[in-house]
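Biologist: Hello, and thanks for making time for this. I would like a close look at one part of the protein, followed by a walk through the rest.

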Amino acid sequence: MPAYVLLVTSFKSGSEIGVTGQWNLPQRWTTASWVKAWDALGPSFVRTFQLAVPVALISSFIGAANGFVLSRWRFPGADAVFTLILFGMFIPYQAVMIPLREIVTTIGVPPGIPTLTLVHVIYGIPICTLIFRNYYATTVPEEIIEAGRVDGAGLLRTFAWIILPVSMPGFVVTVIWQFTSAWNDYLFAIFLSNTRNGPITIALNALAGAQSPDYAASMAGALITSLPTLFVYVVLGRWFIGGLMAGSVKS
């Protein structure tokens, strides 16, 4: 029902918007609010794709590499390394925001999307590592790795030519998770970027938080902001649950 109100209000003119008529269909359908919202959000919409896509792919690939090593290569201290990586999942964003800003400034990372990409990739490594480690440890048969070893494949070649081709369920989960996390993030965005170089959540907040808010444009902007994540779930959702359950039990 809130989604219905969001949708119908975005097509109303200003005179029709009010509490008493919020459930009514527009008397005159107009796309003026959508045009206004897109004019305000368009540049940041493109920037957010430049953020979310690399974050999803890079952190997923690093997580896959970590998960493979930690599940199949029992080097001394492997459990301690895995524990330290997972520790990153439990550090609240708010606790590290100020030192994090100092660090990215000190090392000279360009503000805006490059900084946010680096931060989201690093924060995504723990969850991606956990997902892939469980997947490789319980789903990928040891026999195919042994077969590759017999054929002379080393660790990197085994990962590239044997493990990655059977890792699609894990990648579906981590890509959806990381894409939506980066796309919807507001806390990192407000600390590490601004309306000129930041993602769409910053621009949406500026659109909705004006002194005289245009409710129709704000609701159209909210719908525009949510469309990419909705599309990702619609396209990849059929594999999402399967990927989450892969590796949950041993056969």
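In which helix is the place of Ser33? Please start there and take me onward.

Modeller: Happy to. Please keep in mind that this is a predicted model. Ser33 has its place in helix 2, an element that spans residues 32-72. With a relative accessibility of 7%, Ser33 counts as buried, because the cut-off for that class is under 20%. If neighbours within four places in sequence are set aside, the contacts of Ser33 are Ser10, Lys12, Asp214, Ala216, Ala217 and Ala220.

One of those partners, Ala217, deserves a visit of its own. Ala217 sits in helix 11, which covers residues 215-245. Its relative accessible area is 0%, so Ala217 is buried. Apart from residues up to four places away in sequence, Ala217 touches Ser33, Lys36, Ala37 and Leu207. A look at Thr31 shows how the chain returns to this region: Ala217 and Thr31 are 186 residues apart in sequence, yet their C-alpha atoms are 9.5 Å apart in space.

Let me put that spot into the whole. The protein has eleven helices and zero strands, so to speak an α-α-α-α-α-α-α-α-α-α-α order when read from the N terminus. Along the principal axes, the C-alpha atoms fill a box of roughly 75 × 45 × 25 Å. Of the 251 residues, 43% are buried. Among contacts with a separation of 6 or more, 74% are between residues 24 or more positions apart.

Back in helix 2, we can follow the aromatic side chains. The protein has 19 aromatic pairs by the rule used here. One of them joins Trp38 and Phe45: the ring centres are 5.3 Å apart and the planes meet at 65°, which makes the pair edge-to-face. The two partners differ in accessibility class, since Trp38 is partly exposed at 41%, whereas Phe45 is buried at 16%.

Another edge-to-face pair is Phe61 with Phe159, with centres 5.9 Å apart and planes at 65°. Phe61 belongs to helix 2 and Phe159 to helix 7 (residues 155-163), so this pair ties together parts that are 98 residues apart in sequence. Phe61 has a relative accessible area of 43% and is partly exposed, while Phe159 is buried at 8%. Both rings belong to one aromatic cluster, made up of Phe61, Phe68, Phe132, Tyr135, Tyr136, Phe159 and Phe171.

Staying with helix 7 for a moment, Ile162 is placed there too. Leaving out neighbours within four places in sequence, Ile162 is in contact with Ile144, Gly148 and Arg157. Arg74 is 88 residues away from Ile162 along the chain, and 19 Å separate their C-alpha atoms.

Next comes the packing of two helices. Helix 3 (residues 78-87) and helix 5 (residues 113-138) pack at an angle of about 135°, and their axes are 8 Å apart. The two helices are therefore oblique to each other. From helix 3, the contact is made by Asp79, Phe82, Ile85 and Leu86; from helix 5, by Ile125, Pro126, Thr129, Leu130 and Arg133. Sorted by character, the residues of this contact are six nonpolar, one polar and two charged. Within this contact, Phe82 and Arg133 also have a more specific arrangement: Arg133 lies over the face of Phe82, 4.2 Å from the ring centre.

Finally, let us look at a loop. Ser193 lies between helix 9 (187-192) and helix 10 (200-208). Although it is in a loop, Ser193 is buried, with a relative accessible area of 12%. Its contacts, neighbours within four places aside, are Gly112, Leu116, Phe188, Gly198, Pro199 and Ile202. Ser193 and Pro114 are 79 residues apart in sequence, and their C-alpha atoms are 9.9 Å apart in space.

To return to your request, Ser33 of helix 2 is buried and in contact with Ala217, which in turn is buried in helix 11.

Notes: Residues numbered from 1 in each chain as written. Predicted model: local features only at pLDDT ≥ 70, side-chain atom pairs only at ≥ 80, totals over all residues. Heavy atoms only, no water. Axes fitted to C-alpha atoms, helices over the stretch in contact; angles between N-to-C directions. Helix = DSSP H or I, 4+ residues; strand = E, 2+ residues; numbered from the N terminus. Parallel < 35°, antiparallel > 145°, perpendicular 65-115°, else oblique. Contact = heavy atoms within 4.5 Å. Nonpolar A, V, L, I, M, F, W, Y, C, P; charged D, E, K, R; others polar. Phe/Tyr/Trp six-rings, centres within 6.5 Å; stacked < 30°, edge-to-face > 60°. Buried < 20%, exposed > 50% of the residue type's maximum accessible area, 1.4 Å probe, protein only. Lys NZ or Arg CZ within 6 Å of the ring centre and 35° of its normal.
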